[in-house]
Amino acid sequence: MPGKCKFQVAWLSKDIYKDWLVKDPQDIQLARCKACCKAIKLQTMGEAALTSHAAGCGHKAAVRKLVEATNANEDAHASHWVTAVKRNCACMGAQSTQSAQCTLHLG
Ligand SMILES: [Zn+2]
């Protein structure tokens, strides 16, 4: 019967899902992958839909990027300094301890 399988909040704390799984705010029968920006229908396959999504090559690559981006905030900042040099950004005079302010100059 349709609508049997619903999102389980417990999935969010599983290591295999926690990096990318998001609960859909509107539809209890959907899970979302924040790495691929895709919705995953749970209603017929339930958790098997998640494991099959997780096994996809595109998904694995997307999660790797997502995790790297999360772990690479310092690298992102470093690349901002490069951008700042090119744009002659005023924050170049700031000490690295004030690095949070540098994001103001982005964009
Ligand atoms: Zn995915």
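This report walks through a predicted model, from its overall layout to its sheet, core and helices.

## The model and its confidence

Residues are numbered from 1 along each chain, as its sequence is written. Because this is a predicted model, local features need pLDDT of at least 70 and side-chain atom pairs count only at pLDDT 80 or more, while totals for chains, interfaces and linings use all residues.

The mean pLDDT of the protein chain (the predictor's confidence in each residue, from 0 to 100) is 80, and 64% of its residues reach 70 or more. Please take care with residues 94-102, where pLDDT stays under 50. For that stretch the model has eight contacts beyond four places in sequence, a contact being two residues whose C-beta atoms, placed from the backbone, lie within 7 Å. Where pLDDT is low, the predicted coordinates should not be read in detail.

## Overall layout

The protein chain has four helices and three strands, and along the sequence they follow the pattern α-β-β-β-α-α-α. Helices (H or I, at least four residues) and strands (E, at least two) are DSSP runs, numbered from the N terminus.

Of the 107 residues of the protein chain, 10% count as buried. Here buried means that 20 or more other C-beta atoms lie within 10 Å of the residue's own, exposed means 12 or fewer, and partly exposed is in between, with C-beta atoms placed from the backbone. Among contacts between residues at least 6 apart in sequence, 36% join residues at least 24 apart.

## The three-stranded sheet

The strands form an open sheet in the order β1-β2-β3, with antiparallel pairing. β1 and β3 stand at the edges, each with a single partner strand, so one side of each is left without a neighbour in the sheet. From one strand to the next the twist averages 35°. Two strands are said to pair if DSSP finds at least two bridges between them.

Strand β1 (residues 21-23) is joined to β2 by three bridges, and L21 stands opposite C33 in β2. These two strands make a hairpin with six residues between them. On the other side, four bridges join β2 to strand β3 (residues 38-41); in β3, A39 is the bridge partner of R32, and K38 is that of C33.

The β2-β3 hairpin has four residues between its strands. One residue to look at in this loop is C37, whose phi is near 55°, a positive value in a residue other than glycine. C37 is exposed, with 9 other C-beta atoms within 10 Å.

## Two faces and a core

In a regular strand the side chains alternate between the two faces of the sheet. Strand β2 (residues 30-33) has A31 and C33 on its covered face, and L30 and R32 on the uncovered one.

Both A31 and C33 belong to the largest nonpolar core, which has ten residues in all; the others are F7, Y17, W20, L21, A35, I40, L42 and L50. Such a core is a set of buried Ala, Val, Leu, Ile, Met, Phe, Trp, Tyr and Cys residues joined through C-beta atoms within 7 Å. Leaving aside its neighbours within four places in sequence, A31 is in contact with F7, L21, K23, D24, I40, L42 and L50.

## K41 on strand β3

K41 sits in strand β3 and counts as partly exposed, with 14 C-beta neighbours inside 10 Å. Not counting residues up to four places away in sequence, K41 touches Q29, L30 and A49. K41 and C5 are 36 residues apart in sequence and 9.2 Å apart in space, C-alpha to C-alpha.

## Helices α2 and α3

Helix α2 (residues 47-54) lies across β1, β2 and β3, running at about 140° to β3. Axes here are lines fitted to C-alpha atoms, for helices over the stretch in contact, and angles run from 0 to 180 degrees between N-to-C directions.

Helix α3 (residues 57-71) has 15 residues and reaches 21 Å from its first C-alpha to its last, close to the 21 Å expected at 1.5 Å a residue. That expected span is 1.5 Å times one less than the number of residues in the helix. Of the 15 residues of α3, the number buried is zero, so α3 lies largely in the open.
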